[in-house]
Each structure stands twice: as C-alpha cells, then as structure tokens.
Amino acid sequence: MSLVLKDCKNGERFEGTLLVNEWKEVPFRQKPGAYLSLSCQDRSGIIQGKMWDYSPQVLAWLKDQDIFRVKGVASEYRGTLDLTIETIRVIPVEDVDLSDLLPSSPVTADELEKRLTTILERIRQPELRALLQQLLAHPEWGKAYRQAPAAMKVHQAYLRGLWEHSVRVAELADGIAGHYPEMDRDLVMTGALLHDVGKIAEYSYERGIKFTTEGRLLGHIVLGIELVTEEIAKIPDFPRQLRSKLLHLITSHHGRYEWQSPKRPKLMEAFVIHYADLMDAEFFQFQHAKENHPDDEWSPYIPSMERSIYLK
C-alpha cells in the first residue's frame, strides 16, 4: 500500500489519510443516479477521487468534515491517475497531523530567507527598502507572506509557494533588468516581491487551499493594492510618483485584460515583471510535468497551458 499519493501506481491499492478539498455529485450520463467526485490531497500532491457507490451517510460527513481515512485503487484515465475510492470514514481532527496533508515548497525556509535577504540588500532606494522591511517584518503580513501558497492549482500551490514564486520572479526580473541600464532595478525588484502580495488575503490554507470571501469578491490584485497602499501611508514623505509606479506594477502584472489585469503594462519595469511572473509560472509546470512523468516522452494535456509538453 502507498503511504503518500505521489507514490501511487496504476492498479495499485491505496490506504491512507487524505484531505478532501472539494467534492460534488456528478450525474451518470446513461443511467439514473450519480457518482462522487472528490479532490483529495496529502503532503505529496492532489489526486482526483471517484466513488461510484456510496451511502447518504457519506454525503452527511462531507458536508461537515474534510479529513478521512480512504481505501481504494489507483487507475489511469487519459494519461492521468485517479483514485477509485471503495471506502471512506471520518477521522477525529485531534488524531491528524496537518503537516502530513498539506504540501510545502521543496525549497527550505532557510534557503528562501537567504535569497530574499540578498535581494533586499541590493535595493538602495530608501523608501522602497523601508516599505519592504516594514511589510516583511509585520507580525501578521510577514508571516503570511512566508506561508501562503502562490495559487490554488497551477503553480506553487503549496505552503511557502508565494514566497518561493516571489523570490524567483524577483531574481528573473533583476536579471533581465540588468540588460537595460535605463530601467529602475530597485523598482523592478520591489514590484516583483510585492506583485502577488494580495494572495495572503485571497487564500486560506489552514486545511487545503481555498478562496477567502475577500478573495472571491476582490481578487489578489485589488487586495494587494489595498495592502501596499496602507503600508506606504505609514512611511513619511513617500514620493507620490514612486507610489503610482509601484501600484501600477501590481495592477498590471497579469498583462492582459482577459487575464483579469485592470491595466496593461505601461512601464518597462511593468513589462519585465509581467513576463517574469508568466515565465516562472509556466516553467513550474514544465518541472512539475517532468517530476510526475519521469518515464514518459510527452506529458498529458495541460489545460492551463493548452498543450502537452515534450519531456525528453
């Protein structure tokens, strides 16, 4: 039996404790009734579970609980591994170590802190440096910045994911900015570190990654602008033009209106952050596909990238 989901192979039996993030009843196409579709996870990853035969008691549990002892069989469908669930039972919360169920960044906190410190030491503009130090040392925001995920599914969807993603985007953006002397590298690095800061309020992640009410209503770009604006207001004589530029970097980092970007990039620094952000998110999916399909020539179709990718 596999101890974690990542170790599951096609046809192999699984028994373990899983966190159920989402579930729904799906009607059968050609006969009456429905099956249960469940998004299940442990610290190693997420798998789609299907339960073809279940009692009303299971539905009652799912409405109130999210941690279960699960038995089933792994099976491959269209290149993706699913879990056919045979039995499911509730486990008392006090008997569960949540660190076994929530995945974390493969990059250690010590390594990320060193890389973050290196970036901060390179920022000379006093107001930008003060803003970053103030926010990152904040007893609530600083801790959340270092714990929050970067996404729900597509990239770095695990604890410390926002921290990892932001540091990588800053490193990428700074490397690109080094080729253009007219670019404000302090602004680039600050904007890169803060472009997704609103995700600390967009997601809850105590028991799986879910949207908060604020996240659903406003989204991380608006939440990030609110947070950075509040922190800037605490810094005396913060230059108004610098404030506008920094907020523009956050506002425009998705790059396109159809990607829910309120503004398109209108500064060189904003272009760099948009493309560095996109690059890290897509490179992550290449890495993830190679890790999950080490023996395959091609990945399964990746919906977020609208393609399969070559792995050899």
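## A tour from L193 outwards

Begin by selecting L193 in this predicted model, and display the residues that L193 touches beyond four places away in sequence, namely L116, I119, L120, L132, Y145, S166, V167 and A170. L193 is among the residues with the most contacts inside the largest nonpolar core, a set of 52 residues in which L131, L194, V197, V228 and L246 also hold that rank. If you then colour the helices, you will find that α2 (109-122), α3 (126-136), α4 (141-145), α5 (161-177), α6, α9 (219-232), α10 (240-251) and α11 (268-292) each give two or more residues to this core, with α5 giving the most, 7 residues. Apart from this core lies another, of 21 residues, which you can locate by selecting L5, Y54, V70 and I88 among its members.

Next, return to L193 and select the whole of helix α6, residues 185-194, which is mostly covered, since 9 of its 10 residues are buried; the buried ones run through D186, L187, V188, M189, T190, G191, A192, L193 and L194. At the start of α6, look for D184, where a side-chain oxygen reaches to within 3.2 Å of the backbone nitrogen of D186.

Finally, turn to the second largest pocket, which holds about 990 Å³ of space, and select V154, H155, H220, H254 and W259, the closest to its centre of the 33 residues that line it. Helices α7 (199-202), α9 and α11 each supply at least two residues of this lining, and the largest share, 6 residues, comes from α11. Coloured by class, the lining of this pocket shows 15 nonpolar, 9 polar and 9 charged residues.

Terms used. Residues numbered from 1 in each chain as written. Predicted model: local features only at pLDDT ≥ 70, side-chain atom pairs only at ≥ 80, totals over all residues. Heavy atoms only, no water. Buried < 20%, exposed > 50% of the residue type's maximum accessible area, 1.4 Å probe, protein only. Helix = DSSP H or I, 4+ residues; strand = E, 2+ residues; numbered from the N terminus. Polar contact = N/O pair within 3.5 Å; in protein donor to acceptor, adjacent residues only side chain to side chain. Core = buried A, V, L, I, M, F, W, Y, C linked by side-chain atoms within 4.5 Å. Contact = heavy atoms within 4.5 Å. 1 Å grid on protein atoms, 1.4 Å probe; cavity = no way out; pocket = protein on both sides within 12 Å on 5 of 7 lines; lining within 4 Å. Points joined across faces, edges and corners; volume = space filled by probe spheres on them. Nonpolar A, V, L, I, M, F, W, Y, C, P; charged D, E, K, R; others polar.
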